[in-house]
Amino acid sequence: MKLYICYGTWKPAPRPGGHPCGNAYHALVGAGHQPELIRTYGLGMLPEFLNLTPGRREVKRLTGNQWVPALVTDDDQVIQGSREVAAWAHANPA
């Protein structure tokens with residue numbers, strides 16, 4: 001499985017609720033998964049022409065937008081959003 005993230009998998013974050021990429025990653029690891037991390041770099045809120053990294057372009061191809069985190073499961077299911085990834089991890093432990 002592949003987890004597309006921005007830059008890292010921070011657990012603490014200077015924002016309420018933690019960092020979305022870290023939340024998704026730690027939910028997967030907590031459920032026993034070991035996702036391949038794909039760093040997309042860039043910043044989701046920027047216009048597309050400023051987010052032309054290969055990772056962001058791949059996320060756009062998979063989901064229709066450039067927001068991360070995005071998970072591609074081993075059976076090619078695409079799940080986007082930290083809450084959605086965490087819910088999938090909880091429902092599908094390794």
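Here a trainee and a mentor talk through a predicted model and the labels attached to its residues.

Trainee: Let's start with the whole chain. What order do the helices and strands come in?

Mentor: From the N terminus they run β-α-β-α-β-β-α. That gives 3 helices and 4 strands in the chain.

Trainee: And why is the chain called as compact as a globular protein of its length?

Mentor: Set the value against the rule: the radius of gyration is 12 Å, and the globule rule gives 12 Å for 94 residues, so the label fits. The C-alpha atoms fill a box of roughly 35 × 35 × 15 Å along the principal axes.

Trainee: How much of the chain is buried?

Mentor: Buried residues make up 37% of the 94, where buried means under 20% relative accessible area. The chain exposes about 5600 Å², with carbon and sulfur atoms supplying 55% of that.

Trainee: Now Q34. Why is Q34 called exposed?

Mentor: Its relative accessible area is 77%, and the cut-off for exposed is over 50%, so Q34 gets the label. Q34 is found in the loop between α1 (20-30) and β2.

Trainee: L50 is in a loop too, I think. What makes L50 partly exposed?

Mentor: L50 comes in at 49% relative accessibility. Exposed needs over 50% and buried needs under 20%, with partly exposed in between, so L50 is partly exposed. L50 is in the loop between β2 (36-39) and α2 (54-63).

Trainee: What does L50 help to make at the surface?

Mentor: A nonpolar patch of about 660 Å², together with L43, M45, L46, F49 and W67. A patch member needs over 30% relative accessible area, and L50 has 49%.

Trainee: How do you know that E48 and K60 form a salt bridge?

Mentor: Their closest N and O atoms are 2.8 Å apart, and the limit is 4 Å, so the pair counts as a salt bridge. E48 sits in the loop between β2 and α2 while K60 is in helix α2, 12 residues apart, and the pair links distant parts of the chain.

Trainee: Are those two partners buried, partly exposed or exposed?

Mentor: E48 has 43% relative accessibility and counts as partly exposed. K60, at 32%, counts as partly exposed as well.

Trainee: How many salt bridges does the structure hold?

Mentor: It holds 2. R61 and E58 also meet in one, at 2.7 Å from N to O. With 4 Å as the limit, that pair qualifies. Both lie in helix α2, 3 residues apart, about one turn of the helix.

Trainee: Why do R61 and E58 get separate accessibility labels?

Mentor: R61 has a relative accessible area of 59% and is exposed, since exposed means over 50%. E58 has 25% and counts as partly exposed, since that value falls between the 20% and 50% cut-offs.

Trainee: R56 is in helix α2 as well. How do you know that R56 has no salt bridge?

Mentor: The nearest side chain of opposite charge, E48, is 11 Å away. A salt bridge has to be within 4 Å, so R56 has none, and yet R56 is buried.

Trainee: What does R56 touch, then?

Mentor: Leaving out residues up to four places away in sequence, its contacts include C6, T40, Y41, N51, Q66 and W67.

Technical notes. Residues are numbered from 1 along each chain as its sequence is written. This is a predicted model: local features need pLDDT of at least 70, side-chain atom pairs count only at pLDDT 80 or more; totals for chains, interfaces and linings use all residues. Side-chain values use heavy atoms; hydrogens and water are left out. Patches are made of residues with over 30% relative accessible area and no salt bridge: like charges are joined within 9 Å, nonpolar side chains (Val, Leu, Ile, Met, Phe, Trp, Tyr) within 5 Å. Accessible areas come from the Shrake-Rupley method with a 1.4 Å probe; for residues, only the protein chains shown count as cover. Helices (H or I, at least four residues) and strands (E, at least two) are DSSP runs, numbered from the N terminus. Buried means under 20% relative accessible area, exposed over 50%, partly exposed in between (1.4 Å probe, protein chains only). Lys and Arg count as positive and Asp and Glu as negative; His and the chain ends are not counted. Contact means heavy atoms within 4.5 Å. The radius of gyration is taken over C-alpha atoms; the globule rule is 2.2 Å times the number of residues to the power 0.38.
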